[in-house]
Amino acid sequence: MSLSAAEVTAQVRSTRRKVLVSKLGLDGHDRGAKVIARALRDAGFEVVYLGVHKTPEDVAEAAVEEDVTAIGISILSGSHLELVNDLIKLLRERGINVPVVVGGVIPPEDVEELKKLGVFEVLTPGTPLKKVTEVFERACEVGSA
Amino acid sequence: MSDLEKLREKFNEWVNEVLQPTIKKAPEIKPRFFSEEGLEIKGLYTPLDTEGVGWDYLGRLGFPGTYPFTRGVYPTMYRGRAWTIRQYAGFGSAEDTNSRYKYLLSIGQTGLSMAFDLPTQLGLDPDNKLAWYEVGKVGVSMSSVNEMDLVFHEIPMDKISTSMTINATAIEILSMYVAVAESRGISKSLLRGTVQNDILKEYIARNNYIYPPKPSMRYATDLIIYAAKNIPKWNSISISGYHFEEAGATPAMEVAFTLADAIEYVNWVLERGMSVDEFAGQLSFFFAARTNIFEQVAKFRAARRMWAKIMRDRFNAKDPRSMMLRFHTQTAGVLLTAQQPLVNLIRTTLQALAAVLGGTQSLHVNSYDEALSLPTEESVKLSVRVQQVLLYESGVIDTVDPLGGSYYVEWLTDQIEEKAWKMIDEIDRLGGMIRAIELGYPQREIARAAYEWQLRVEKGDIPIIGVNTLIEEETPSIKILRVDPKVRERVILRLEQLRKERDPMKVRDSLNELRKAAEKEDVNIFPYIYEAVKNKATLGEISKTLREVWGEWRAPEVY
């Protein structure tokens, strides 16, 4: 089905594109998180950048407070399974169902594990920004539905 | 007509009669060529680019082992002694790490390099709630002197040199190392190694800080002073550009921000009443090696020349050792790809070559699987072998600074130097590196460069095999190293045991003494931390004591 220009505009307007970007855990490598925050901002998203050394509690609280439509998490420390598991649990406890996108140094077999935990998409090193933006666009559509 | 004028005439003749007609017939593959620094690269360099611009051999290069050290810090370089093969390693518990170290030594590694887990780097014991997810993940867990003893079980601490990537808790960790050595009858005056102890770059790029900048600088300075007086063969700091490069810095930024940090450290130590030649010989450096060989070699050479000048002219150093920029190199982690991981071996080989052509004193080669996880024994062995092929088979060690005198490399060296001086001038103008960090200057420059790099990759201006060119639709099936999930329980159990067995009065007293020392500004806290460590205070307890006095740092987030 193809949409008319007016319909597309209407749909874009109805999608709130507010993304929380954060590091999770004690890992301080923030190049990826910052580049993605900036790319999303340049693509017209509203970005809340939380920064480094955030616990699952910090992120869940910020997600409530900022009323975001998607969450982007960057982890390079190898602790992604436990951290993301706890984050998603806390989000659900707070009644937040917005999609969580995870990026970082993630071994291939953990990608499926993360998705089983409820992660919307996993972005590994080398993903083009265009694809990153598309993933967050889809995530925000789901998150503002 | 002078030789240069004659050359210029002949060169113009060649351009008009040979080059231009060729390009007309068969154009070059792109209209303009740029280096990673963004320098426009010409198709040919000649003496017109060196001597032709007033360049003189003795002023710009000199001889290896003498000022300005452009060609190398030692007269014979690798003909006299190979660089140290030093792979950064550590994971899980002390036992896991001990066996990895023994393995590395068994395959020909010549120095150790300790990786600590994030809780250790941030002064948290493994049973701290904040440490829960991270125990043993990116390095070894190190909560007390007992753990250090286990890591070095059956490893001769008097024979091997050990480098430690540790900053906010550098004194605690070095104290543990010294305490273990002394318990084995090895005097600290004999110990060889390095602590990173470079807190400034944590605020700029790496983010593993604890306290605010000023008390952190006092802490780093205390270590430098203590080592100058008591551990004379130890590099008391490894002033690091590596993390700037990893965060996105261009080569000139990497040099400029590193040397500007170094200037700040020297100023702090001088302020405490030491003279420059008493400690400067123990300052060392750490840079990245990227795949772009010639610009990287130029970066190392420029850094050496600039540091020599800074030490001689700005700080009036007299001892040549104070002017020598001795450095460790690690191949650039950001250039590893998760796609087609074996291709990383080719990249790291070229990067290692750049480091060696650039005159490094020690080298870590990343393993091909590190865009996916920590390296396995098999992958790390290949990293060691890359170094050994360079050392034994390639012939690059046969002469000192083999690229010296290349018109192109000399031109590049001058360009990197010129750009780096401009940034150092800017930092001076802002009032020094701490002020520049507070204003967000280096952080912003690096974030901007990282973003611009990414955009160049997206546009295809920078080709990366497997990422934006020669793409294969495959999922790499390689063996991954997993940290044993039982590590946390195991180290916590040992920590509880230690707390039961030690003398609680001694621990309490030494922490109280430390607190009092930290509250004063003119006392060196190293001996107090050392005492607490020997009394089996834990890393977390010592760090907590200092946090209570100095507070914690929360960074403004710029992106």
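**Close-up views of a predicted two-chain model**

**View 1. Helix H14 of chain B and the elements around it.** In this predicted model, the elements of chain B against which the buried residues of H14(B) pack are S8, helix H12 (293-314), strand S9 (327-331), strand S10 (362-364) and helix H15 (377-392). H14(B) itself runs over residues 343-357, and 11 of its 15 residues are buried, so that the helix is mostly covered. Among these buried positions are the polar or charged residues B:Asn344, B:Arg347 and B:Gln351, together with B:Leu353, B:Val356 and B:Leu357 towards the end of the helix. Because 15 residues at 1.5 Å a residue should span 21 Å, the 22 Å between the end C-alpha atoms of the helix agrees with expectation. Just after H14(B), B:Gly359 takes a positive phi of about 85 degrees.

**View 2. Strands S7 and S8 of chain B.** Strand S7 (residues 237-240) of chain B is covered on both faces, with B:Ile237 and B:Ile239 buried on one side and B:Ser238 and B:Ser240 buried on the other. S7(B) pairs in the parallel sense with strand S8 (residues 283-289) of chain B, over four bridges. Within this pairing, B:Ile237 has B:Leu283 of S8(B) as its bridge partner.

**View 3. Strand S1 of chain A between two parallel partners.** Strand S1 (residues 18-23) of chain A is largely enclosed by the rest of the structure, because five of its six residues are buried. With S2(A) it pairs in the parallel sense over five bridges, and here A:Val21 has A:Tyr49 as its bridge partner. From S1(A) the chain passes through H2(A) to S2(A), a β-α-β crossover that is right-handed. S1(A) also pairs in the parallel sense, over five bridges, with strand S3 (residues 70-75) of chain A, where A:Val19 stands opposite A:Ala70.

**View 4. The side of chain A that touches chain B.** Contacts between the chains involve 28 residues of chain A and 34 residues of chain B. On the side of chain A, helix H2 (31-42), strand S2 (46-51), helix H4 (80-93) and helix H6 (129-143) each supply at least two residues, and the largest share, five residues, comes from H2(A). Sorted by class, this side of chain A has 12 nonpolar, nine polar and seven charged residues.

**View 5. Helix H18 of chain B, packed against both chains.** The buried residues of helix H18 (residues 441-459) of chain B pack against H2 and H6 of chain A, and also against helix H7 (200-206), helix H9 (242-247), H10 and helix H17 (433-438) of chain B. These buried residues include B:Pro442, B:Glu445, B:Ile446, B:Ala449, B:Tyr451 and B:Gln454. The helix has 19 residues and reaches 27 Å from its first C-alpha to its last, close to the 27 Å expected at 1.5 Å a residue. B:Gly460, just after H18(B), takes a positive phi of about 90 degrees.

**View 6. The largest nonpolar core.** In soluble globular proteins, nonpolar side chains tend to be buried together. The largest nonpolar core of this model has 201 residues, and those with the most contacts inside it are A:Val19, A:Ile71, A:Val101, A:Val102, A:Phe136, B:Leu223 and B:Ile529. Helix H10 (residues 251-271) of chain B gives the largest share of this core, 12 residues. Leaving aside neighbours within four places in sequence, B:Leu223 is in contact with B:Ala170, B:Ile171, B:Leu174, B:Val195, B:Asn197, B:Ser236 and B:Phe526.

Conventions: Residues numbered from 1 in each chain as written. Chains lettered and ligands numbered in written order. Predicted model: local features only at pLDDT ≥ 70, side-chain atom pairs only at ≥ 80, totals over all residues. Contact = placed C-beta atoms within 7 Å. Buried ≥ 20, exposed ≤ 12 C-beta atoms within 10 Å, placed from the backbone. Pairing = 2+ DSSP bridges. Expected span 1.5 Å × (residues − 1). Right-handed = clockwise from strand over helix to strand, strands pointing away. Core = buried A, V, L, I, M, F, W, Y, C linked by C-beta atoms within 7 Å.
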